[in-house]
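This report walks through one protein model, one region at a time. Please look at the sequence and the structure before reading on.

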Amino acid sequence: MSDRVAVMQPGPGLKGFVCPPQVPTKGERHEVDHCLSKCVHPCVAEPLIAAIYHANVRNPHKGAYLSASMIAGSNCMRKTHYERLDPAGHYELIRNVYWPFRGTIAHKVIEDRGDEAFHLTQFMQEITMRVPLVFPDRPAPIFTDDGLWTGEYDPTKPLIIELGGTCDAYSPWKLKLYDFKTMADAKARMVIEQGKIEPNWIVQMNIYRYLIANTEISEKDREEFRKHGLPDLPGTHYPAPETLRIQGIGMMEIPLTGQGYVMQRQWQQNDIPPIPVMTLEETEALIRDRAIAWFDALVLGIKPPVVEDDRSWMCKSCSFNGEVIEGERCFPKKERSADTFEGEPKEEWRKVQDAGGTYVDPAEKPKKPRKPRATKKKKEKPLDDFLG
Ligand code: SF4
């Protein structure tokens, strides 16, 4: 039995789909085999359902570790808790899983072409990284050989959580890191016209930077560099990138952070703010706080609270929302307005969480009002504006 804790996925994950409102079986749950071969009024073409399902169950971001995107706060912790731990599996509205699928398509196409052009671009793509985080103040939970927590701890060993992530494109020669984000054009316009960069994008990019700086350069990679005529790298680990950029991929617009951009059918240039670079120490402190919260929710199975008010838009299309889908288990509005959580006064519960350094929700931090950006002047945003 290993004392290293990888976050496990005890439930079977996605089992099938919830019928959407436009079909007569609205709200019914069916396993994917039914959707593919028995449904008489499929809501989406069966080959597309098969592809979406396949991509979802094979998605490496689901399952084996705490990913950078989880720690960055892109997902509802309660939702992920349900997805991972429900031994009966879960069912999704197909439109919810289509979005990550659309991103997968774009990433795959870029990755394939990028590999061919590696000797020219000098960008490595889809590097998978894993870094252990040691918590000497917490005992290691004891797991079964299947990776399920037995409910016991080994006080002689520290808790070790593995943090993983796959970065889209990184050049150790240009010290630049790109993350490709598919987005609706409305979102792309917000990035371009209002300089609206999501706080979780900043955290995610800085987590990738941290993972890169803690990743050893393998002999296999060095061999690959030689094969492509690229210079060898000094040192044992990859150098931390100095420039972090989000490449937005919309339907019509392709904004790049830290860069001027002229939209389709316009001549006015908007400057998109750069992604701030945190120190590796700042990033590690943030990672450690949040990793513990996710560890509690996904490995120890402690139910986390619903998302806070200013991220309640996540609940609108959530397939666990019992206030929208009959028979489901989460009641976010009711829970948000209640004074207690899990039988404890809410305030008390939060104090317990904070004492363990377990939950740092950006929604709880004071925010400075942001004016709409109509300016063309490029301006560095201080880190505090994003992280509170
Ligand atoms: S309904 Fe809202 S709080 Fe509940 S799991 Fe879904 S997104 Fe999270």
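## Strand β8

In this predicted model, strand β8 has two faces that differ in how they are covered. Leu-244, Ile-246 and Gly-248 make up the covered face, while Thr-243, Arg-245, Gln-247 and Ile-249 make up the uncovered one.

The strand runs parallel to β7, and seven bridges join the two. Thr-182 is the residue that stands opposite Ile-249 in β8.

## The nonpolar cores

The largest nonpolar core has 52 residues. The members that touch the most other members are Ile-71, Ile-207, Tyr-208, Leu-211, Ile-212, Ala-291 and Trp-294. Several elements each supply at least two residues of this core: the helices α3 (68-72), α7 (185-194), α8 (199-213) and α10 (280-298), and the strands β5 (124-143), β6 (149-171), β7 (176-182) and β8 (243-249). The greatest contribution comes from α8, with nine residues. In soluble globular proteins, nonpolar side chains tend to be buried together.

Leu-211 gives an example of the contacts involved. Leaving aside residues up to four places away in sequence, Leu-211 touches Ala-68, Met-129, Val-131, Leu-163 and Gly-165. A second core, separate from the largest one, consists of nine residues, among them Val-18, Cys-35, Tyr-53 and Ile-94.

## Around the ligand

Which residues lie around the ligand? They are Cys-76, Arg-78, Lys-79, Val-306, Val-307, Met-314, Cys-315, Cys-318, Phe-320, Asn-321, Cys-330 and Pro-332. Two or more residues of this shell come from each of α4 (77-85) and α11 (313-316). Sorted by class, the shell holds nine nonpolar residues, one polar residue and two charged residues.

## Helix α4

Helix α4, one of the elements that give two or more residues to the ligand shell, has Met-77, Arg-78, Lys-79, Glu-83 and Arg-84 as its buried residues. Arg-78 and Lys-79 are also among the residues around the ligand. What do the buried residues of α4 pack against? Their partners are the strand β4 (90-93) and the helix α10. Helix α10 also supplies at least two residues of the largest nonpolar core.

## The protein as a whole

The protein has 388 residues, of which 26% count as buried. Its elements are 14 helices and 12 strands. Among contacts with a separation of 6 or more, 70% are between residues 24 or more positions apart.

Technical notes: Residues are numbered from 1 along each chain as its sequence is written. This is a predicted model: local features need pLDDT of at least 70, side-chain atom pairs count only at pLDDT 80 or more; totals for chains, interfaces and linings use all residues. A residue is near a molecule or strand if its C-beta atom, placed from the backbone, lies within 6 Å of it. Helices (H or I, at least four residues) and strands (E, at least two) are DSSP runs, numbered from the N terminus. Ala, Val, Leu, Ile, Met, Phe, Trp, Tyr, Cys and Pro count as nonpolar, Asp, Glu, Lys and Arg as charged, and the others, Gly among them, as polar. A nonpolar core is a set of buried Ala, Val, Leu, Ile, Met, Phe, Trp, Tyr and Cys residues joined through C-beta atoms within 7 Å. A residue is buried if 20 or more other C-beta atoms lie within 10 Å of its own, exposed if 12 or fewer, and partly exposed in between; C-beta atoms are placed from the backbone. Two residues are in contact if their C-beta atoms, placed from the backbone, lie within 7 Å. Two strands pair if DSSP finds at least two bridges between them.
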